[in-house]
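Please open the model in your viewer and keep the selection panel at hand. The tour moves from one selection to the next and says at each stop what is to be found there.

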Amino acid sequence: MKKNTSARQIDITPKPFIRWAGGKTWLHSRLNSFLPSKFNNYHEPFLGGGAIFFYLRPANESFLSDLNHELINTYKQIKKSVSAVILHLDKFRNIETEYYKLRSNVSADPFYNAAKFIFLNKTCYNGIYRVNTKGEFNVPYGHNSNVTIYDKFNLLAAKRALTNACIESKDFMTGLDKIEKNDLVFVDPPYTVAHNNNGFVEYNQKIFTWEDQERLANFINEVKIKKAKFILTNAVHDSVLNLYKGIGNYYELERHSTITSHINRRRKISEYLITNCT
């Protein structure tokens with residue numbers, strides 16, 4: 001009986017195993033309205049927490065990428081040996097001294113670094129990923145002793161979902177050569193313009209510039225030329241509307257903002273969803 005219960009739990013639909021600013025779990029309930037009836041391979045060049053990838057669990061090959069090397073290493077090690085990552089996670093303690101010790105520690109062990117990334121992500125202040133000018137993670141301790149660092153069965157389910165995934169740390173433009181006709185490309189870039197005063201821009205304006213947005217518009221045009229399908233999310237702002245005008249159909253979706261730790265600043269905001277699937 002115990003064995004059957006474990007098997008059932010391992011076969012669950014995985015959820016993001018990290019917190020990520022701007023994550024798209026909120027889109028799950030509305031995504032089916034925009035999906036193509038079928039698609040071949042799946043591409044996600046701004047992987048982050050992977051909420052849409054884990055929701056879809058594409059049957060064919062997936063190409064997942066992000067510029068964040070530590071993030072991508074974590075996905076790679078979960079795919080390669082989730083048990084090795086868990087072994088390290090079980091040794092970490094959610095206390096302030098341990099947090100700062102781990103934050104400053106440098107290791108060449110990729111499994112340790114993956115576990116460290118998950119631990120710091122879950123125990124840092126508000127789930128923010130921020131580095132200093134030296135590229136060092138510098139977010140303070142979050143003082144949340146009740147947070148769940150990891151869910152074993154969810155990590156096992158994530159590993160299963162990643163079986164057919166090619167995972168790389170690279171710029172989004174370099175993934176164009178892998179995109180083919182009838183593939184699906186989900187694009188969720190860091191937003192570089194303020195929308196609805198939700199504060200999200202303050203975390204991303206230095207890592208994804210307006211010039212990057214312009215490059216992304218060119219990327220989407222190339223996706224269309226290849227006759228692939230795309231779903232793009234972005235900020236509700238006139239500059240975005242003008243930049244992507246004519247590229248696809250626009251939809252304005254409302255959601256709750258949870259990016260700030262100040263409850264009184266959490267409010268309903270809107271995001272654009274632009275797609276050629278509908």
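What follows is a walk through a predicted model, beginning with the whole chain and then going on to single strands, side chains and cores.

**The whole chain**

Begin with the protein chain in a cartoon view, where the secondary structure comes to 10 helices and 7 strands. Of the 278 residues in the chain, 49% are buried, and if you switch on a surface, the accessible area comes to about 14,100 Å², with 49% of that area belonging to carbon and sulfur atoms. Among the contacts with a separation of 6 or more, 71% are made by residues 24 or more positions apart.

**Strand β4 and its partners**

Next select residues 184-187, which form β4, and show the side chains. L184 and F186 point one way from this strand, whereas V185 and V187 point the other way, and all of them are buried. In a regular strand the side chains alternate between the two faces of the sheet.

Now add the strands that pair with β4. Strand β1, residues 42-44, pairs with β4 in the parallel sense over 2 bridges, and here Y42 stands opposite L184. Strand β5, residues 229-235, also runs parallel to β4 and is joined to it by 4 bridges; in this pairing V187 stands opposite L232.

**The salt bridges around K24**

Select K24, D188 and E271 together, since these residues are linked in a network of salt bridges. Which atoms bring K24 and D188 together, and how far apart are they? The closest N and O atoms of K24 and D188 are 3.0 Å apart. This pair links distant parts of the chain, with K24 in the loop between α1 (2-10) and α2 (28-31) and D188 in the loop between β4 and α8 (201-204), 164 residues apart. Both K24 and D188 are buried.

The other salt bridge to show here is that between the side chains of E271 and K24, at 3.5 Å from N to O. This pair, too, links distant parts of the chain: E271 is in strand β7 (residues 268-275), and 247 residues separate it from K24 in the loop between α1 and α2. E271 is buried, as is K24.

In the chain as a whole the count comes to 6 salt bridges. For another one of them, move to E98 and R93, whose side chains meet at 3.7 Å, N to O. E98 counts as buried because its relative accessibility of 10% is under the 20% cut-off.

**From K24 to I52**

Return to K24 and add I52, which lies in helix α3, residues 51-56. The two residues are 28 apart in sequence, and their C-alpha atoms are 6.6 Å apart in space. I52 has a relative accessible area of 1% and is therefore buried. Leaving aside neighbours within four places in sequence, the contacts of I52 are K24, L27, H28, L31, Y42, E44 and F186, so that this selection also takes you back to residues of the β1 and β4 stop. Y42, met earlier opposite L184 in β4, is one of these contacts.

**The nonpolar cores**

Select F17, I78, L89 and I231, which touch the most other members of the largest nonpolar core, a set of 53 residues. At least two residues of this core are supplied by each of α3, α4 (69-89), α5 (96-104), α6, α7 (152-161), β3 (165-169) and β4, and the largest share, 9 residues, comes from α4. Keep F17 selected and show its surroundings: not counting residues up to four places away in sequence, F17 touches F54, T74, Y75, I78, I118, K122, N154, L155 and A158. A second, separate core holds 21 residues, including V187, Y244, I247 and I274.

**Last stops: N113 and the cysteines**

Move to N113 in helix α6, residues 110-123. Is N113 buried or exposed? At 14% relative accessibility, N113 counts as buried, and beyond its neighbours within four places in sequence it is in contact with E70, N73, S107 and A108.

Finally, select C166 and C277. C166 counts as partly exposed because its relative accessibility is 24%, whereas C277, with a relative accessible area of 16%, is buried. A search of the whole structure finds 0 disulfides.

How values were computed. Residues are numbered from 1 along each chain as its sequence is written. This is a predicted model: local features need pLDDT of at least 70, side-chain atom pairs count only at pLDDT 80 or more; totals for chains, interfaces and linings use all residues. Side-chain values use heavy atoms; hydrogens and water are left out. A disulfide is a pair of cysteine sulfur atoms within 2.5 Å. Buried means under 20% relative accessible area, exposed over 50%, partly exposed in between (1.4 Å probe, protein chains only). A salt bridge is a side-chain nitrogen of Lys or Arg within 4 Å of a carboxyl oxygen of Asp or Glu. Contact means heavy atoms within 4.5 Å. Accessible areas come from the Shrake-Rupley method with a 1.4 Å probe; for residues, only the protein chains shown count as cover. Two strands pair if DSSP finds at least two bridges between them. A nonpolar core is a set of buried Ala, Val, Leu, Ile, Met, Phe, Trp, Tyr and Cys residues joined through side-chain atoms within 4.5 Å.
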